[in-house]
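Subject: Structure for you to look at

Hi,

Here is the structure I promised to send over. Please open it alongside this message, and my notes will follow below.

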There are 2 protein chains.
Amino acid sequence: MAERNVSLKDISVACGVSIATVSKALNNHSDIGQETKEHVREVAAKLGYRPNAAAQALKTNRTNNIGVLFVDEANSGLTHDYFNHVLNSFKKTAEENGFDITFINGGKARINNMSYLSHAIYRGFDGVVIACVDFSDPEVEELVKSNIPVVTIDHIFYNRTSVVSDNVNGMKELVQYVYDQGHRRVAYVHGAGSSVTQNRLTSFYKTLQELGVEIPDEYVVVSPYRDTDAAFEATNKLLDLKEPPTCIFYPDDFAALGGINAIRQRNLRIPEDISIAGYDGLEIAKRLAPRLTTVVQNSEKIGEIAATKLIDLINNPKGTLVEQIVVEGTLEPGESVKKII
Amino acid sequence: MAERNVSLKDISVACGVSIATVSKALNNHSDIGQETKEHVREVAAKLGYRPNAAAQALKTNRTNNIGVLFVDEANSGLTHDYFNHVLNSFKKTAEENGFDITFINGGKARINNMSYLSHAIYRGFDGVVIACVDFSDPEVEELVKSNIPVVTIDHIFYNRTSVVSDNVNGMKELVQYVYDQGHRRVAYVHGAGSSVTQNRLTSFYKTLQELGVEIPDEYVVVSPYRDTDAAFEATNKLLDLKEPPTCIFYPDDFAALGGINAIRQRNLRIPEDISIAGYDGLEIAKRLAPRLTTVVQNSEKIGEIAATKLIDLINNPKGTLVEQIVVEGTLEPGESVKKII
DNA sequence: GGCATTTTCGAAAACGTTTTCCTAAAATAT
DNA sequence: ATATTTTAGGAAAACGTTTTCGAAAATGCC
């Protein structure tokens, strides 16, 4: 930080014009002559000028910066295999539109112990994307009620645009597929806690009901989302039943790994002895042997749409309508569900 | 953005003191009386004051913001399972120290087509962490030669502090382990391109040489890092040899999955018919059956140290010494290497 | 009570922009 | 030739802070 960065003033003295002229020339205003524009730009380039984001933000109230709220219970937002795909896609299209991305930090590690909203105001984010958090957190609510443009992912707030994966339809297809393979005794390891998993569970029940399949209460057991060890336990519980299921649904692919381990430990084979299905369509689902039957969520599209919508909102806060966008997933049959008869 | 945010001036009129006094009161300067301090703070809280980062940055030349350069060839930075663990850990300790994190965007999606350095200067990052990029990129070099505090991860630049995973020793232990299990015909799928994979390869050669094991040239085949399909092909090439290896090393756990698929496709069993080893220690390594023999890198520690060192550098640019920190990994024996004899 | 300190506070400049008006000159019209 | 319009550029305020320096008020000391 020894030498100062070159500023508009430096260019202005080098060019013999005013600061205003330099600013307007660089921003291509119409009230500056063509040759002065070119001259100013040349000198700016020669001097190695780079604009100062802080000064611009201070003056214009625009930062070209989007806040990302991406915290889950385990504080593992970035290592969450589904959400980091969403985020990566979000980041890509945000950057293509000239926006940077910075995290709104959570947990106890806050700057100055600021709330999410305070943090967003402090940094002057033009907009905020919320995903992968505890949506019942009052601080999230505070943020959602603010007048900062917000897009939520995989959760719907009244009066805010959101983009959600179609868990209802995805689960419906998955259940239908398993049913079509002949399974009637199906169990569900339910990853309680979020509207996402709740939607999946509800759809699970509803679809089976429509198909005329009844499932005993003990076929539905709760286990935290994305927790292989808990899924391991839950699976054992199911396998210990006097009449165990022929197929087990997991709340996510990762949890399915826990199930696989429990099953293998009993020297049972997948899918010959018992079938399983995951959800998410993570990379590993394809790579496992046997390939996991799952629903692959279109994380790329979700991130892209979220970014596009948020930027629309930023550029036109009043004129952009609030909407709920549902992104379809696709059933990936895999090999982990056996065809019965 | 309807209503203006409350500023120091608002507090100053509400309190009947000057702006300077308000600023000093909030920043706890010693030349403000205790009661005025308290009064100012009360009013500030009541009014819902939040500082303005842009104004502070403009005045102080500090942003409390760290730039993250995290781009790989496939532009999959965030979905890279090793690096997102590193980043997650980096983020955590940075935030604990009052720093935010924003990405320096790469690819063709640059704001105003700025170079990495320009972007960093534009945003006024207090420091930058570089990882997971093409380190031979001239733009990276430009950034590294600048006077912005920089810490690099898994790559060493002269005169910059770096924190690297000990790939040399890790690979040495892994080779030694495989050797101890009785393997003498070992092959290597080399993920060319980075100093990381280069170090692993070199260590592979060196350790075998020390052990008196010679390996034919065709036992080393190149394949891109983290590419399951390419690893699939590479594995097939190795299995087609008249005298195939008894154990295959992969450049990373992910690539190992490609190998597993190739092996399984031939109805060979792991490890009974052929042994394999990965590198990285990703979550999946533990979850595969059989559990993958690998070296687990201490991604959490790497991220934490990188953040700590960068912040040291930021807070004391002259007084902090440049160093290369090597973080040990740990051998995870797993079950994918068979004991011969 | 007078002097020297110490404490407490404020005026003002500065950081690097953008933008609103305003003016002077140049171009055009009459 | 004069009147009118257009074009090109500048002065200055403003955004919200921090910080320097100086001044006034309070306190200490004899």
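Below is what I found, beginning with the DNA and ending with a pair of helices. Please keep in mind that this is a predicted model.

**DNA strand C**

There are 28 residues around DNA strand C, and those that come nearest are Ser23(A), Thr21(B), Lys24(B), Gly33(B) and Thr36(B). Sorted by class, the residues of this surface are 10 nonpolar, 11 polar and 7 charged. Both protein chains take part: α2 (19-26) and α4 (53-60) of chain A, and α2 (19-26) and α4 (53-60) of chain B, each supply at least two residues of the surface near DNA strand C.

Which part of the DNA does the protein meet here, sugar or phosphate, or bases? Among the atoms of DNA strand C within 4 Å of the protein, 59% belong to sugar or phosphate, and the rest belong to bases.

Some side chains of chain A have a polar atom close to a phosphate oxygen of this strand:

- Ser23(A), at 2.7 Å
- Tyr49(A), at 2.9 Å
- Gln56(A), at 3.2 Å

**DNA strand D**

DNA strand D is surrounded by 28 residues, the closest being Thr21(A), Lys24(A), Gly33(A), Thr36(A) and Ser23(B). Its surface divides into 10 nonpolar, 11 polar and 7 charged residues. Of the strand D atoms within 4 Å of the protein, 60% are part of sugar or phosphate, with the rest in bases.

A base is contacted by chain A: a backbone N or O atom of Asp31(A) lies 3.3 Å from a base nitrogen of DNA strand D. Chain B reaches phosphate oxygens of the strand, with a polar backbone atom of Leu8(B) at 2.8 Å and a polar side-chain atom of Asn27(B) at 3.2 Å. The elements giving two or more residues to this surface are α2 and α4 of chain A together with α2 and α4 of chain B.

**A helix pair in chain B**

Have a look, too, at helix α8 (residues 167-180) and helix α9 (residues 195-210) of chain B, which pack at an angle of about 45° with their axes 8 Å apart. That angle is why α8(B) counts as oblique to α9(B). Their crossing is right-handed. By class, the contact has 6 nonpolar, 5 polar and 3 charged residues. On the α8(B) side, the residues include Val168(B), Met171(B) and Val175(B), while those from α9(B) include Val196(B), Phe204(B) and Leu208(B).

Happy to talk any of this through whenever suits you.

Best wishes

Note on methods:
Residues are numbered from 1 along each chain as its sequence is written. Chains are lettered from A and ligands numbered from 1 in the order in which they are written. This is a predicted model: local features need pLDDT of at least 70, side-chain atom pairs count only at pLDDT 80 or more; totals for chains, interfaces and linings use all residues. Side-chain values use heavy atoms; hydrogens and water are left out. Axes are lines fitted to C-alpha atoms, for helices over the stretch in contact, and angles run from 0 to 180 degrees between N-to-C directions. Helices (H or I, at least four residues) and strands (E, at least two) are DSSP runs, numbered from the N terminus. Angles under 35 degrees count as roughly parallel, over 145 as roughly antiparallel, 65 to 115 as roughly perpendicular and the rest as oblique. A crossing is left-handed if the near helix is turned anticlockwise from the far one by less than a right angle, and right-handed if clockwise. Contact means heavy atoms within 4.5 Å. Ala, Val, Leu, Ile, Met, Phe, Trp, Tyr, Cys and Pro count as nonpolar, Asp, Glu, Lys and Arg as charged, and the others, Gly among them, as polar. A residue is near a molecule or strand if one of its heavy atoms lies within 4 Å of it. A polar contact is a pair of N or O atoms within 3.5 Å; within protein, one must be able to donate a hydrogen and the other to accept it, and residues adjacent in sequence count only if both atoms are side-chain atoms.
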